[in-house]
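Here is a quick tour for anyone meeting this structure for the first time. Take a look at the picture, then read on.

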Amino acid sequence: MTDKFKIYTVYKGDTPESIAESQGISTEELLEYNNISDPTSIYVRQELKIPREKNFGDYKINPLNWGIKDYSSKPFSQAFNTAKQEGSDRFYWNGGAYNT
C-alpha cells in the first residue's frame, strides 16, 4: 500500500504559507496534518507531512511539489546564489530542478 503522505524538510526561510503554496495545499491543511497550533513554531530540518496527490493512478511529477523553491523570476546565476545563501541544496528554475 502506498503512503498517503510524503515528507517535506523545512529549510531556512520557509514559512507555513510558503511551504503550503509550494506543495499545492492550504496553510490550514498543512498545520492540521502536522498538528501544529502555532504557525511560528516550525523550525529548520523539521519534517512535515504533505498529502500526496494522485493523477490518473500515479503521483504527479512536479518539482514544486517536492518542496523545491521556484526562482524562475531571477536570472539563473542570481537564482543559484540566492538558493545557496538561503541554505537550499536544490532549486527550481524555468522548468528544471538544479542542485546548488
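Is Tyr98 buried, partly exposed or exposed? With a relative accessible area of 32%, Tyr98 comes out as partly exposed, because that category covers the ground between under 20% (buried) and over 50% (exposed). Keep in mind that this is a predicted model.

## The overall layout

Let's step back to the whole chain. The protein has 100 residues, and 34% of them count as buried. It contains three helices and six strands, and if you walk along the sequence you meet them in the pattern β-α-α-β-β-β-α-β-β.

How much of the contact network links residues that sit 24 or more positions apart? Among contacts with a separation of 6 or more, such pairs account for 48%. As for the outside, the accessible surface comes to about 6,600 Å², and carbon and sulfur atoms own 49% of that.

## Back to Tyr98

Now we can place Tyr98 properly: it belongs to strand S6, which runs over residues 96-99. Which residues does Tyr98 touch, once its neighbours within four places in sequence are set aside? They are Phe76, Asp89, Arg90, Phe91 and Trp93.

There is also a distance to look up in the picture. Ala83 is 15 residues away from Tyr98 along the chain, and the C-alpha atoms of the two are separated by 10.0 Å.

## A patch of negative charge

Next stop, the surface. Four glutamates, Glu17, Glu28, Glu29 and Glu32, gather there in a patch of negative charge. Which element gives the most to this patch? That would be helix H2, residues 27-33, with three residues. Glu17 comes from elsewhere: it lies in helix H1, which spans residues 16-23.

How open are these side chains? Glu28, a residue of helix H2, has a relative accessible area of 58%, so it counts as exposed. Glu17 reaches 44%, which means it is partly exposed. Both values clear the cut-off for patch members, because a residue needs over 30% relative accessible area to be included.

Glu17 and Glu28 are eleven residues apart along the chain, and their C-alpha atoms are separated by 9.0 Å. Pro16 gives a similar kind of pairing with Glu28: these two are twelve residues apart along the chain, with 8.8 Å between their C-alpha atoms.

## The loop after helix H2

Follow the chain onward and you enter the loop between H2 and strand S2, the strand made of residues 47-51. Asn34 lies in this loop. Is Asn34 buried or exposed? Its relative accessible area is 16%, so it is buried, since the limit for that label is under 20%. Leaving out neighbours within four places in sequence, Asn34 is in contact with Leu48 and Lys49.

Asn35 is found in that loop too, but it counts as exposed, with a relative accessibility of 72%. Ser41 is another resident of the loop between H2 and S2. At 40% relative accessible area, Ser41 is partly exposed. Not counting residues up to four places away in sequence, Ser41 touches Ile36 and Gln46. Ser41 and Pro16 are 25 residues apart in sequence, and C-alpha to C-alpha they are 9.6 Å apart in space.

## Two positive phi angles

One last thing to look for is a detail of the backbone. Most residues other than glycine have a negative phi. What is the phi of Asn35? It is positive, at about 50°, although Asn35 is not a glycine.

Arg45 is a second case: its phi is near 75°, again a positive value in a residue other than glycine. Where do you find Arg45? Look in the loop between H2 and S2. Arg45 counts as exposed, because its relative accessibility is 70% and the label applies at values over 50%.

Conventions. Residues numbered from 1 in each chain as written. Predicted model: local features only at pLDDT ≥ 70, side-chain atom pairs only at ≥ 80, totals over all residues. Heavy atoms only, no water. Patch = residues over 30% accessible without salt bridge, like charges linked within 9 Å, V, L, I, M, F, W, Y side chains within 5 Å. Areas by Shrake-Rupley, 256 points an atom, 1.4 Å probe, with all protein chains shown as cover. Salt bridge = Lys/Arg side-chain N within 4 Å of Asp/Glu carboxyl O. Lys, Arg positive; Asp, Glu negative; His and termini not counted. Charge placed at Lys NZ, Arg CZ, Asp CG, Glu CD. Helix = DSSP H or I, 4+ residues; strand = E, 2+ residues; numbered from the N terminus. Buried < 20%, exposed > 50% of the residue type's maximum accessible area, 1.4 Å probe, protein only. Contact = heavy atoms within 4.5 Å.
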